[in-house]
Structures are given as structure tokens and as C-alpha cells.
Amino acid sequence: MTDQEDAAPSGNVEIYLRVRPDPRPSPLVTLNQNDNTVMWEVPKLETGGYVNNQREKYQFGFNGVIGPEAKQDEVFERVASRSVLGALEGFNGTVFAYGQTGSGKTFTISGGHDRYVDRGIIPRAISRLYSEISKRHDATYSVQITYVEIYNDQGYDLLDPDHETTALEDLPKVQLLEDDEGNVTMRNVSTHRADNEEEALNLLFLGDTNKAITETPMNQASSRSHCIFTMQVERRQQGSDTVRRAKVNLVDLAGSERVHKMGLDGQTLMEAKHINLSLHALEQVVVALQEKAQGTGRSHIPYRNSTMTMMLKDSLGGNCRTVMIATASPRGDHLLEGISTCRFAQRIAMVTNEAVVNEEVDPALIIKRLRIENRELRDELRILRGDNDDGREELTESEMERLRAQVADYCKPPAANEEPTLELGASMLKIKAALRIFREIVLQGGGVVVGKGAAAGEAGEDGAWHPEELRSEIKRLSLVVKQRDDEIDVLVSMLRKGESGEKGAIKATEMLRESRSRGLDDGDGDRDDGPAGGRDRAKAPVSSRGLRAPAAENDAFARVFANEPRASREPDVPFPASPGGIAALVADRTRAFDHFRALNDRHAAVEENKVVLKNKFDDAKALGECVTRSKGEINRLKGLIEEMRQTRAATRGGARDKRDADDDEKRLVVAIDAERAAHRRAFDELRDAKREIDSLQKMTTQAGARLANDFERWFELLAERHRELGGDDSPPASPIGKAIEPESAADLSPAPTMSPLRDATNSPKGRNVSAPSQTGAPTTGNARADADIKAFYEARERLLRMRRESELLA
Ligand SMILES: Nc1ncnc2c1ncn2[C@@H]1O[C@H](COP(=O)(O)OP(=O)(O)OP(=O)(O)O)[C@@H](O)[C@H]1O
């Protein structure tokens with residue numbers, strides 16, 4: 001039987017299904033990515049005591065079905081890029097992930113921590129937003145960021161700059177207010193301006209760090225809270241009185257499983273109930289919206305039933321483009337959760353939103369414009385009346401100086417949100433003098449910059465020639481290119497020396513150790529902030545801009561690691577099999593680190609990032625060379641034009657010579673234009689590459705520091721194990737006889753069945769290991785452990801024999 005639910009969902013809210021990879025996917029889940037459907041088959045329940053082989057089939061349709069093989073960049077492009085770009089036009093956008101615990105919501109929204117390719121929607125949205133802004137010259141944009149966590153129905157500000165955070169209660173509690181028109185605003189939440197990608201990523205990192213620090217030991221395995229990362233974008237167009245404001249919410253909801261399935265108690269039960277309540281409130285909102293749309297239900301939508309639905313009010317049935325990404329696991333024991341997630345998605349797809357451009361007239365801009373108009377009218381009036389300059393015939397020397405400075409300012413590229421103005425008042429003397437100054441500037445430009453359509457030179461976007469602007473732009477670009485070249489050189493040489501990745505990790509270990517021994521307070525960004533002191537939100541936002549982020553970042557690392565729960569005493573990288581092997585590692589940290597990283601997944605991620613980073617450096621270097629080459633070529637062509645002009649001025653040719661010269665010059669101008677376009681392209685690409693390199697480096701540093709931290713914890717456990725085995729600081733003789741040589745390579749490789757062996761050595765029986773058996777393996781008295789130990793020793797013998805044989809052959 002097929003229970004076919006709406007195969008092609010309609011409505012404004014788009015729904016996508018992402019099924020995560022799994023080593024044992026159930027054959028009962030079938031994805032059809034061509035028609036964007038998924039089919040779940042569930043065995044019918046046994047009835048009447050006999051096995052029923054029939055299956056229920058449930059099929060669901062989506063706007064997109066994304067399979068386990070999909071990479072993060074594809075998911076971002078399909079699911080979120082439209083919402084991000086829409087914000088630049090003034091449309092609100094929300095992307096939220098919904099699904100059971102472990103189905104990949106956090107992986108989709110935030111991404112994996114270690115691998116660059118695993119970056120999720122939030123970091124990619126940040127990159128895309130700033131990359132797009134840098135390409136748009138028609139308007140100026142500003143971006144403000146908030147990051148809120150909702151735990152047990154209470155919102156907390158994850159970007160609070162004012163408190164040392166060790167527990168969630170330390171963070172400011174967010175208050176929600178609703179005005180008469182139903183608009184919800186947040187109180188007691190900090191909003192941070194981020195002028196570039198790096199600053200935005202620093203904020204994201206700070207929020208994620210606070211989130212990690214405040215996780216309770218019980219909820220660490222899965223997120224039991226909802227997180228909303230919001231970017232508010234403001235766009236002001238030059239010459240316009242209006243301003244567009246839009247926000248993008250990127251939401252990671254808590255797991256959607258049901259309490260009764262989880263078998264929880266105590267605090268975890270309370271958390272689960274709150275999650276259920278808020279997800280239930282979400283469902284109620286969706287159902288009410290559905291009924292309202294069909295004209296069959298109540299008109300009241302119960303947004304107020306939970307903090308999460310209040311905060312997402314606009315995204316559900318309001319002014320917003322909303323996308324839901326339903327995440328599911330293809331495992332056989334998760335079929336029912338998958339079906340329930342898909343059912344919810346179908347309901348969400350019925351919700352219709354009405355996204356409109358959020359544009360409003362800015363009174364401040366109107367007042368400013370009217371004031372200027374007024375002044376200009378008054379000036380015109382005075383000129384017309386001849387009521388100016390008090391009968392003087394010349395400006396004084398100091399008036400001329402001031403005027404020169406004014407004109408020079410007027411010719412500079414305007415700052416963000418500024419339109420250049422030249423205030424000359426009603427003085428004909430000043431107007432004429434200003435014209436003379438402009439002429440001087442143009443002539444000082446060597447006759448190259450003379451106007452659009454003229455023989456040679458570079459035109460501004462508006463077709464007018466601004467030599468000062470051009471010169472300062474060239475100077476600025478040269479500086480930027482030089483700076484980039486220097487940075488790239490430094491980074492390439494760092495790579496050559498292998499200082500990123502594991503060496504960086506060792507450095508980070510040192511940094512962490514130092515920071516810990518200083519008592520963690522030392523590196524506090526708050527206190528090192530200088531005059532702003534890091535306590536004043538307006539003056540010192542948490543970002544690299546205010547010198548705060550790097551310190552805050554290191555501090556944050558130290559705090560995360562210092563607070564990281566130590567619940568697990570199981571090493572995630574296996575110890576060497578023998579006490580001798582353990583002792584050898586305890587005595588030599590470098591060797592221990594080599595052993596650790598060789599078997600650690602995170603190391604593989606760092607290595608992978610290093611390769612990507614190296615490729616990006618190569619790309620950036622090639623682009624840098626392209627930019628320099630184009631610049632050189634432009635200068636050469638300009639020089640040719642100049643030469644031609646001088647030759648022409650020195651020799652008087654006939655009309656034909658003049659025509660030929662004009663043609664030559666035109667060809668050179670066309671060549672300059674082409675080269676300028678190439679220069680701009682390469683420059684834009686270089687800037688993007690630089691941005692990617694920055695965030696990749698940050699990620700590699702973070703992964704390196706995490707690796708270092710993992711190693712620290714692992715090393716502590718190793719030392720503990722060593723002590724349990726009766727070892728002291730010097731490597732002890734093997735307590736289990738001659739079977740194991742401490743220096744043997746096999747000692748440093750993981751035992752195939754580590755845990756039984758560890759259980760054996762950990763147990764009282766294990767410590768009183770008896771004499772080696774025939775294979776040289778110790779026995780413990782525990783039949784299962786002894787069998788494992790024996791199997792291990794036999795496998796080890798085989799390996800050693802093979803190695804000896806291959807050495808003999810060699
Ligand atoms: N598409 C994927 N590709 C690779 N790994 C994934 C994918 N989806 C999830 N994972 C991995 O599965 C694990 C659980 O994923 P994640 O933490 O994103 O689940 P979640 O739905 O957010 O769970 P919770 O509700 O508990 O927060 C993580 O280790 C994550 O890296």
C-alpha cells in the first residue's frame with residue numbers, strides 16, 4: 001500500500017530533504033533525485049501472532065532531495081544562496097534545519113569543525129555576502145550580526161561582550177517584545193557591526209565558542225537547544241533617500257525526537273520536554289497557518305507559545321523567504337523519525353509567506369538633502385542679485401589655499417555613505433577660482449586624463465576623468481597588491497617550513513599550556529583592549545577591528561579547552577599495546593605526538609586543509625602576478641601614448657599624419673581598456689582568493705589547536721595508564737616479559753582489539769598478569785580477554801615475521 005503524500009509541495013516555504021551518509025543505509029529508504037521524492041518502506045506490524053511481510057510505503061515530494069554524497073558547497077548553493085543574495089536586495093530570508101538528533105542539522109547549518117570543505121551554510125553565507133558586497137558599487141552596505149541560543153525556552157545572547165562565560169546562566173537573557181502591530185523585537189541582545197568577512201567569522205567563532213563552553217556535560221553529545229544566527233543587512237543607495245533593511249536567519253533547531261522514545265530522566269528529560277514543547281509550538285503555528293490559508297481554521301496564529309516561534313514569527317507566514325532543510329538518517333532504526341520529519345516538511349510547505357522588499361524612507365537623508373538644496377538655492381539667489389564677493393576682484397592667498405584643499409578633497413573617492421560636495425557659496429570669485437584649480441589638476445595629469453572619448457587615459461565609472469582619484473586609486477591598489485604579495489610570500493614560506501598544521505598545532509599546544517599556566521585570565525581580550533576596555537559595546541565590538549578578536553580568540557580557545565568536559569576517560573586514539581610502548585611514549589612527547597596524530601582523524605583534516613591552502617596560495621600567487629603584469633602593461637601603453645603625443649607636438653604633420661596618429665592612439669586606448677578589464681578581473685579574483693585563504697587559515701589554526709588539545713587530553717590519559725601500570729618517569733622494563741620490545745615499531749601501532757586488552761590491564765587481575773603463554777602473551781584469568789590478547793599476539797607475530805621476511809628478501 002502506498003500512502004502518497006503531496007508529491008509536489010507548493011507554497012512559499014521551500015522544503016529540501018538532506019539524507020546524511022551512513023555506513024549501513026537501509027534498503028527501505030529510496031531517494032529519487034530526478035523527481036525529488038523519497039520513499040520510506042516500513043514493515044507492517046505483526047498482528048494476530050503471525051509475521052506479516054507486507055510493508056507500508058510512504059512517499060514524499062520536496063523542492064529538492066539531496067543525497068548522502070552531496071558536498072557542502074552544493075547544499076549551500078541549492079538551499080541557501082538565494083536567501084543570502086535576497087538580503088542584499090532587501091528581502092528577509094530564513095533557512096532552518098529540522099530533523100532528529102544526529103541527522104546532520106548542525107553539520108548542514110554550521111558545518112564540520114576541521115575540514116575546510118565541510119564548512120556549513122553559516123560560514124558560506126558570510127563569505128558569499130561580503131564577496132557580493134565587494135562587487136557592488138551602486139550602493140553602500142552595512143552588516144550587523146546577532147547570535148542567540150534558545151535553551152529551555154529562554155533566549156541567551158551568545159555574543160555578549162561583557163561577561164566571562166563559563167555557564168549558560170552567565171549570558172544575558174534575551175527578552176522579546178511585541179508591539180501593537182505584532183512586530184517582535186529583541187531586548188538585551190548585543191548587535192555587532194561586521195565590516196568584513198573576517199570580523200563576521202570572528203563573531204561566529206566567538207558565539208560557537210560560548211555555545212561550546214556553556215554546553216552542560218549532559219547535552220554535549222547532541223545539541224539540546226535552538227540556535228539562530230542573524231545577519232541584518234542595510235543598503236543605502238547613493239543619491240537616494242531610501243534605505244533597505246533585511247535580515248537572514250540561519251537556524252539550527254534542536255533534535256526532533258520524542259521524549260518517550262529517548263528514555264530520559266532528570267535534567268535531560270526537562271530539556272527534551274522544552275524542546276518538544278517548542279517544536280510542538282512550531283507545529284501548532286504551522287497547522288494554524290495551513291488552516292488559515294485554506295480558510296477553514298482560526299485566524300489566530302499561536303506564535304506566543306514559545307520563544308522560538310516568537311523569534312521566527314516573520315519567517316513563518318510573514319514577510320520572509322523561508323527555506324526548510326529536513327535532515328534524515330537512512331538507518332533502518334530511524335525510519336519512523338525520517339517519516340515524521342518528512343510529514344512535518346509537507347505541512348511547512350503549505351505555509352505561504354509574503355516576502356516584500358523592506359524599503360523605507362530615511363528622514364535623516366531627506367533632511368540632509370533638503371538642507372543642501374536650500375543652501376544652493378539661496379546661493380543662486382545671491383548670485384542672480386549680484387549680491388556677492390562685496391565688490392572684490394580677487395580671493396586672498398589664504399582663501400585660495402583653503403579652496404585648493406577643498407577641491408582636492410572633492411576629487412578624492414568618497415567614503416562610504418558620503419556624496420562628495422564642494423561648497424563654494426554664492427561667490428563667483430570662488431567658482432571661477434575653483435574652475436582654474438580643476439584645470440591645473442587636469443593639466444598636471446600630463447594631458448593623459450582629459451575626458452571621456454578623448455584620446456587616452458582612464459575614465460571613472462561616470463565617464464568623467466578624475467586624475468587625483470586615479471592617482472590615489474593606483475597608489476592604493478599598488479599598496480594592496482604589495483601587501484598581498486608580502487602576505488602570500490610569508491604564508492608560502494610558512495607552508496614550506498611546514499609551520500601550519502601539526503607544527504602549528506605544537507605551537508598552539510605551547511600557547512595553550514602557557515595560557516593555562518598563566519591562569520587563563522592573562523590573555524583576556526577584554527582587558528587588553530586598550531582605552532575602550534572591551535566593555536563598551538559601541539566602542540569596542542568583538543572583532544578584529546577593535547584589536548579585540550585575536551586576543552578574544554586565543555582566550556576563547558583556552559577557555560573552551562579548559563572547560564571541555566572530561567567525562568570520557570576512553571582514549572579516542574588507541575594506546576600502544578604494551579606497557580613498554582606506553583612508557584616509551586610517556587617519556588618522549590614528540591614521539592607520543594607522532595603516534596597520536598598518525599591515528600587521529602583531525603590530523604587528516606589538517607593535512608587536507610594544508611593541501612587546499614597550498615593550492616589556494618598557488619592560485620593567489622598566479623593572480624597576483626597577473627595583476628602586476630596588467631598594471632605594467634597599462635603603464636607601458638600609457639607611456640606609448642604620451643610619447644606619441646610629444647612627437648606629434650614636436651613635428652607638424654599634415655592632415656593624413658594626424659589621422660594616422662589618431663588611429664594609432666585609438667588602438668592603444670582600446671588595448672588599455674582591455675588590459676584594465678583583465679586587471680580588474682584578476683584583482684577581484686585575487687581579493688576572493690585572499691578571503692578564502694584567510695578563512696582557511698583560521699580553520700586550519702583552529703583544527704591545529706583542537707588537535708593539540710585532543711593530544712593534551714590523550715597524553716594525560718596515557719600518563720595515567722602508565723602510572724596504573726606501575727610506571728614512573730623513566731621508561732620501565734616491560735612487565736609482561738620479553739615478548740615486547742619497547743622500541744619495536746609494532747609497539748607503536750594500535751592493537752587490533754584494544755579494549756579487552758585495556759580492560760585486562762586495568763582490572764586488578766590485569767595488573768597481576770601471569771607468565772606469558774606459548775605465544776608470549778600474558779594471561780589474565782578472564783577467558784574472553786585472554787582470547788583477545790592471544791589473538792593480538794598471534795597477529796603481531798605474523799606481522800613481525802612478514803617484516804623479517806621482507807627485510808631478508810630486500
Ligand atoms: N552530510 C554529512 N556528511 C558527513 N558527516 C555528517 C553529515 N551529516 C552529519 N554528519 C556527522 O554526523 C554527526 C551528527 O551530525 P550533527 O551534529 O550535525 O547532527 P544534528 O542533527 O545536529 O544532531 P543534534 O540534534 O544532536 O544536534 C556529526 O559528527 C556530523 O559530522
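What follows is a formal exchange between a visitor and a guide about the structure above.

Visitor: How do you know which residue is meant by a number, and what kind of model is this?

Guide: Residues are counted from 1 along each chain as its sequence is written. The model is predicted, so that local features need pLDDT of at least 70 and side-chain atom pairs count only at pLDDT 80 or more, whereas totals for chains, interfaces and linings use all residues.

Visitor: How many helices and strands does the protein chain have, and what makes a run of residues a helix or a strand?

Guide: The protein chain has 21 helices and 16 strands. Both are DSSP runs numbered from the N terminus: helices are H or I with at least four residues, and strands are E with at least two.

Visitor: Which residues does UniProt list for "binding site"?

Guide: The unreviewed UniProt entry lists Gly 99, Gln 100, Thr 101, Gly 102, Ser 103, Gly 104, Lys 105 and Thr 106. UniProt positions are in the numbering used here, feature names are shortened, and annotations may be inferred rather than shown by experiment.

Visitor: Where does Thr 101 lie, and is Thr 101 buried or exposed?

Guide: Thr 101 lies in the loop between β7 (93-99) and α2 (105-109). A residue is buried if 20 or more other C-beta atoms lie within 10 Å of its own, exposed if 12 or fewer, and partly exposed in between, with C-beta atoms placed from the backbone. Thr 101 has 20 other C-beta atoms within 10 Å and is therefore buried.

Visitor: What is the corresponding count for Gly 104, and which residues does Gly 104 touch?

Guide: Gly 104 is also in the loop between β7 and α2. Its count is 21 other C-beta atoms within 10 Å, so Gly 104 is buried. Leaving aside residues up to four places away in sequence, Gly 104 touches Arg 18, Arg 20 and Thr 327; contact requires C-beta atoms, placed from the backbone, to lie within 7 Å.

Visitor: Why is α10 called oblique to α11?

Guide: Two packed helices are described by the angle between their axes and the distance between the axes. Helix α10 (residues 397-411) and helix α11 (residues 428-444) pack at about 60 degrees, with axes 10 Å apart. That angle makes α10 oblique to α11. Angles under 35 degrees count as roughly parallel, over 145 as roughly antiparallel, 65 to 115 as roughly perpendicular and the rest as oblique. Axes are lines fitted to C-alpha atoms, for helices over the stretch in contact, and angles run from 0 to 180 degrees between N-to-C directions.

Visitor: Which residues of α10 and α11 make the contact, and how many are nonpolar, polar or charged?

Guide: On α10 the contact is made by Met 400, Leu 403, Arg 404, Val 407 and Cys 411, and on α11 by Lys 430, Ala 433, Ala 434, Ile 437, Phe 438 and Ile 441. By class there are nine nonpolar, no polar and two charged residues. Ala, Val, Leu, Ile, Met, Phe, Trp, Tyr, Cys and Pro count as nonpolar, Asp, Glu, Lys and Arg as charged, and the others, Gly among them, as polar.

Visitor: What makes α1 oblique to α3?

Guide: The axes of helix α1 (residues 72-89) and helix α3 (residues 121-135) come within 10 Å and cross at roughly 45 degrees. This crossing angle makes α1 oblique to α3. By class, their contact has nine nonpolar, one polar and three charged residues.

Visitor: How do you know that helix α15 is mostly covered?

Guide: In helix α15 (residues 579-587), eight of the nine residues are buried. Among them is Ala 583, which counts as buried because it has 27 C-beta neighbours inside 10 Å. The C-alpha atoms of Ala 583 and Arg 723 are separated by 9.3 Å, although their positions lie 140 residues apart along the chain as a spacing.

Visitor: What is notable about phi of Asn 36 and of Asp 153, and is each buried or partly exposed?

Guide: Phi of Asn 36 is near 55 degrees, a positive value in a residue other than glycine. Asn 36 lies in the loop between β3 (29-32) and β4 (37-43) and is buried, because 20 other C-beta atoms lie within 10 Å. Asp 153, likewise not a glycine, has a positive phi of about 65 degrees. Its place is the loop between β8 (139-151) and β9 (154-157), and with 16 C-beta neighbours inside 10 Å Asp 153 counts as partly exposed.

Terms used
Contact = placed C-beta atoms within 7 Å.
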